[in-house]
Amino acid sequence: MKKYKSGTRSGFARALAIVFLSLAAGGLSAQAPVEIWAQAEGGALKVLKHTYRVGTVADGNDNFDFVRQGGQEILSFFDRYTLGATIAEKHEVSFLYQPLELVTDVRFKTAVQIDDITFASGTPMRLTYSFPFYRTTYRYRFLGDSRSNLSAGLAVQLRNASIRFEEISGANGQLAVSQNLGIVPALSVAGRLGIGASGFLAFEATGSYASSAFFNGADFQFEGSILDASLRGGIALDERSEIFINGRF
């Protein structure tokens, strides 16, 4: 979940998304004490709720609903990639790249004002919600071993947001753009339970809450939170690879 409120540049966006039936595969190096591993996920993403505003309501700017007004009611493709290392079976370090770009073409049924720009009713629009991020995570495994364990630690996420409202026909050719690059610190926890000879259940969650521009590099005060959590079940194909089904929020 991502939620942002701003003061001087008054923008508001809230997105709740769920990723389901995502198939993933990972590989492990059998060398100890350092195990190098890679993981990939791919599947479908469904946006449950997503509203956005730039500028104040007093100035006429709208709380725009991306699902109801912006064409995000359909399923979208989802993928993410992680490269990591487990050191001495205790220290887990990983780097994640999460692409996320939703592009929809719609025709506004009513007039919409974004950042003091008014798009008239009936205007054909291209909407781009681009919110990829990069994350480095360190967790310490304080219980268990490679089959069943529990770990916790810290993460630093680099947010690279670009949101565009573009008129794709007509004489005006209006465009509203909001972009931001920021650093987001977070807490991270993960666990795994081995089942039988090769099965497993696992979970992971990374999230934070903050209300100061200092924490995300913005030039305005804000209140926001993030949550990236998943629950998965799978089987080890051999000593070096596994496959699982994953539900992610």
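Strand 6 spans residues 91-98 in this predicted model. One face of strand 6 is covered: Glu-92, Ser-94, Leu-96 and Gln-98. The other face is uncovered and holds His-91, Val-93, Phe-95 and Tyr-97. In a regular strand, side chains alternate between the two faces of the sheet.

Strand 6 has two pairing partners in the table below.

| Pair | Sense | Bridges | A bridge between residues |
|---|---|---|---|
| Strand 5 (residues 76-87) and strand 6 | antiparallel | seven | Tyr-81 and Tyr-97 |
| Strand 6 and strand 11 (residues 133-144) | antiparallel | eight | His-91 and Tyr-140 |

Both named strand 6 residues, Tyr-97 and His-91, belong to the uncovered face.

Strand 5 and strand 6 also form a hairpin. Three residues lie between the strands. Ala-88 in this hairpin takes a positive phi, near 55°.

A separate site is Ser-162. Ser-162 sits in strand 12, which covers residues 149-167. Is Ser-162 buried or exposed? Its relative accessibility is 15%, so Ser-162 counts as buried; the cut-off for buried is under 20%.

What does the side chain of Ser-162 make a polar contact with? The partner is the side chain of Gln-179, at 2.9 Å. Gln-179 also appears among the residues that Ser-162 touches. Leaving out residues up to four places away in sequence, the others are Thr-128, Tyr-129, Ser-130 and Ser-178.

Key. Residues numbered from 1 in each chain as written. Predicted model: local features only at pLDDT ≥ 70, side-chain atom pairs only at ≥ 80, totals over all residues. Heavy atoms only, no water. Buried < 20%, exposed > 50% of the residue type's maximum accessible area, 1.4 Å probe, protein only. Helix = DSSP H or I, 4+ residues; strand = E, 2+ residues; numbered from the N terminus. Pairing = 2+ DSSP bridges. Polar contact = N/O pair within 3.5 Å; in protein donor to acceptor, adjacent residues only side chain to side chain. Contact = heavy atoms within 4.5 Å.
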